[in-house]
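Student: I would like to go through this structure by question and answer. Can we keep it brisk?
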Amino acid sequence: MTEAASSPPASRIGGTDVRKISKIDIGLKRRYAAERRFRTYGLLAVTIAICFLVALFGSIVSRGYTAFQQTRISMIVDFDPSIIAPNGDRSAAAVMSGNAFRFDDLIAASLQKTLEIDPNDEDALYDGLDLLSKGSAPMLRSMIAADPSLIGTKRSVDFYATGDVDAFIKGSIRADIPESQRLIKDKHIVLIEKLEKEGALRLAFNTGLFTNGASTRPEMAGVGVALVGSLYMMLVVLVLSLPLGVAGSIYLEEFAPKNRWTDLIEVNINNLAAVPSIVYGLLGLAVFINFAHLPRSASLVGGLVLTLTTLPTIIIATRAALKAVPPSIREAGLGVGASKMQTVFHHVLPLAMPGVLTGTIIGLAHALGETAPLLMIGMKAFVVEYPTTPFDPATALPTQIYMWATEPERAFTERTSAAIIVLLAFLLAMNSLAIILRRAFERRW
Amino acid sequence: MSAVQATTAFDTVRTPDPANRPIKIHTASVKVTYGQKEALHGVSIDIPERAVTAFIGPSGCGKSTFLRCINRMNDTIAGARVEGTIKLDDQDIYDPDLDVVELRARVGMVFQKPNPFPKSIFDNVAYGPRIHGLARSKADLEEIVVTSLQKASLFNEVKDRLNEPGTGLSGGQQQRLCIARAIAVSPEVILMDEPCSALDPIATAKVEELIDELRANFTIVIVTHSMQQAARVSQRTAFFHLGHLIEEGPTDHVFTNPLEQRTQDYITGRFG
């Protein structure tokens, strides 16, 4: 087409050369088509990826967001001294000891008043108690132990509803299925409606999700211990892997002679980055627990194992960042008489810092989500108490997710998704930090 | 290989220095090998004090390699080996007892591409004196920085922005900053490896002017691709070709009346 348009005047001017150009033009069409095709593939791939991402996040958030709210039942409790401290001793130790069921009596009494149940109708009273978490009595007990001055007063207390009531309120247990298949029976629904009418039952922000430890009762379970465990592990990983990784890469990149041995080391570091993490877990089990006798399930051991998995990532990223520093900077440093060490630490490392930090934070984010090695060293434990040091037993966010995912209750299902949201939020925060740090350090130069 | 080695017994054509300046750097049969490849086949030259000596020659002739031997910058290249003698004031610089860091403080270097540190202008110049502990106080350090910048004729252009990054300067200013940085540690010798090849003619003129001024206090060795530049700034010129030093002598002599045919061919543009 172009040939027809351009050849008559062209032949008048230039002859054969012009015809050659128009021959190349025909090939151009094919090349542009190939380019367009490639762009289309790219666009298609990106679109599909975004669709999957939206579907993934959509499903996690839609399942998990309800867990951030929780059903509470608030009732006036009469802290009757004759029940709490029958022998007159109001000390915390006395409150914690003795018959634990006496606190159930307190709850039953306030429930009976709130729901206006006939004191002699024991069945109705038990149905009412069914709505409250089985953890209510221990909760009340520790509340009194923490503040004995409550004894003898009347105070409104927020109780947790059971996971099933919670699920019913949030609509995941529906009232329209036959009663025999329903976890919440008709008699319970009557009571729930009564509580709602009196304003005793309401949805509140679920702080327990962030502060509580493990519990078999979903309404009392939270990621608190897992958060602390993960935090300790990240601290251990950061403190160990950043200096070790950076120092190691500086040695390998700047000081070590380039020979067969260093080549071998480099290849093996790259290989280590690809070793399945569960293998590191086995290594940690053998070395840190069986050989070094460090405590099982401790976040210190978890941190050590994750340090091993993170080191290759940090070393590879740091070496790449060091390699990217122009050699002219090294020459400039050496040229004014700086020693090699001074050149590296004064000039090369600061320039490589954005890359090093990005690598480190990506490595940490990876470690934060690592599950398999933690299962091997026993961080999949039922831990109720907060760990006070990294030597105490703890769980981690991903293992907590794993444990909750295996629980059948509806309330655990939504908590699993909620824990995933918390984990993803942390990862997002860490990656944002990586970007911010990168920008901040780059602007300095 | 053998053909090349056969020419190692190579006689450099020399014309003595009429000004009879004292010798600062004495070198004898300097050979440099990179792995298997010999890049310099035995170069002997005496470089006079407080004068500019220019190394000229076509690309790959070994002039930069030779320059980098004088402050042992070749040490940093893996597989590089240097043989022969290089003496700075009668002191062998390849003596194992000699500290290379001290040598580089005495023999400063300015590179082909301006390479200021990504720090402030002040810190660029202050870096050398700081690490060598040349300044007793902050005022001392400031004085060193200011004098160095003045000597590099950069002070008037940057005096209001000493805390701004050195990388924000223009190419020519950056190169003069690098010269100021080299001067700041008060070296005896300044090596310049094609210092103007990345600069425009105006910046080049400024740097050349500066080199001319600096020769009163420093021994300068400059590698250049531009024969005009060599003719303009240097007092002595050495012509390198294929790893040999072909001819060396007073600059006007080498340019107007070369004794070697190859020198003649090169400076008249017949090859290179």
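Tutor: Start with a term. A crossing is left-handed if the near helix is turned anticlockwise from the far one by less than a right angle, and right-handed if clockwise. Keep in mind that this is a predicted model.

Student: Which hand does the crossing of H4(B) and H7(B) have?
Tutor: H7(B) covers residues 171–184 of chain B. The axes of H4(B) and H7(B) come within 7 Å and cross at roughly 30°. By the clockwise rule, the crossing where H4(B) passes H7(B) is right-handed.

Student: Are H4(B) and H7(B) roughly parallel or roughly antiparallel?
Tutor: Their axes cross at roughly 30°. Angles under 35 degrees count as roughly parallel. Therefore H4(B) and H7(B) are roughly parallel.

Student: Which residues of H7(B) meet H4(B)?
Tutor: H4(B) brings Ile121(B), Asn124(B), Val125(B), Tyr127(B), Gly128(B) and Pro129(B). By class, this contact of H4(B) with H7(B) has seven nonpolar, two polar and one charged residues. On the H7(B) side stand Leu177(B), Ala180(B), Arg181(B) and Ala184(B).

Student: How is H4(B) set against H5(B), roughly parallel or roughly perpendicular?
Tutor: H4(B) runs over residues 121–132, and H5(B) over residues 138–151. Their axes come within 9 Å and cross at roughly 115°. The range 65 to 115 counts as roughly perpendicular. So H4(B) and H5(B) are roughly perpendicular.

Student: How many charged residues are in the contact of H4(B) with H5(B)?
Tutor: The crossing of H4(B) and H5(B) is right-handed. H4(B) contributes Phe122(B), Val125(B), Ala126(B) and Pro129(B). H5(B) contributes Leu141(B), Ile144(B), Val145(B), Ser148(B) and Leu149(B). The classes are eight nonpolar, one polar and, for charged residues, no members.

Student: Is Gly133(B) buried or exposed?
Tutor: Gly133(B) sits in the loop between H4 and H5 of chain B. A residue is exposed if 12 or fewer other C-beta atoms lie within 10 Å of its own. Gly133(B) has 7 C-beta neighbours inside 10 Å, so the verdict is exposed.

Student: What is the C-alpha to C-alpha distance between Gly133(B) and Val185(B)?
Tutor: Gly133(B) belongs to the loop between H4 and H5 of chain B. In sequence, Gly133(B) and Val185(B) are 52 residues apart. In space, their C-alpha separation is 9.7 Å.

Student: How many residues of H2(B) are buried?
Tutor: H2(B) spans residues 63–70 of chain B and is mostly covered. Its buried residues include Lys63(B), Phe66(B), Arg68(B) and Ile70(B). The count is eight of its eight residues.

Student: Which residue with positive phi follows H2(B)?
Tutor: H2(B) ends at residue 70. The phi in question is near 55°. The residue is Arg72(B).

Student: What radius of gyration does chain B have?
Tutor: Chain B comes to eleven helices and eleven strands. For 272 residues the globule rule gives 19 Å, and chain B is close to this, so it is as compact as a globular protein of that length. Its C-alpha trace spans about 55 × 40 × 35 Å along the principal axes. The radius of gyration is 19 Å.

Student: And what is the radius of gyration of chain A?
Tutor: Chain A has 19 helices and three strands. Its C-alpha trace spans about 115 × 65 × 40 Å along the principal axes. The globule rule gives 22 Å for 445 residues, and chain A is well over this, so it is more spread out than a compact globule. The radius of gyration is 33 Å.

Student: What share of the residues in chain A is buried?
Tutor: For chain B, 45% of the 272 residues count as buried. Chain A has 445 residues. Its buried share is 36%.

Student: At what angle do H11(A) and H14(A) pack?
Tutor: H11(A) holds residues 224–255 and H14(A) residues 299–324. Their axes are 6 Å apart, and the crossing is right-handed. By class, the contact has 17 nonpolar, eleven polar and four charged residues. The angle is about 35°.

Student: Which helix gives the largest share of the side of chain A that touches chain B?
Tutor: The contact takes 15 residues from chain A and 22 residues from chain B. H15(A) and H16(A) each supply at least two residues of the chain A side. That side divides into seven nonpolar, six polar and two charged residues. The largest share, six residues, comes from H15(A).

Terms used: Residues numbered from 1 in each chain as written. Chains lettered and ligands numbered in written order. Predicted model: local features only at pLDDT ≥ 70, side-chain atom pairs only at ≥ 80, totals over all residues. Axes fitted to C-alpha atoms, helices over the stretch in contact; angles between N-to-C directions. Helix = DSSP H or I, 4+ residues; strand = E, 2+ residues; numbered from the N terminus. Nonpolar A, V, L, I, M, F, W, Y, C, P; charged D, E, K, R; others polar. Contact = placed C-beta atoms within 7 Å. Rg over C-alpha atoms; globule rule 2.2 N^0.38 Å. Buried ≥ 20, exposed ≤ 12 C-beta atoms within 10 Å, placed from the backbone. Parallel < 35°, antiparallel > 145°, perpendicular 65-115°, else oblique.
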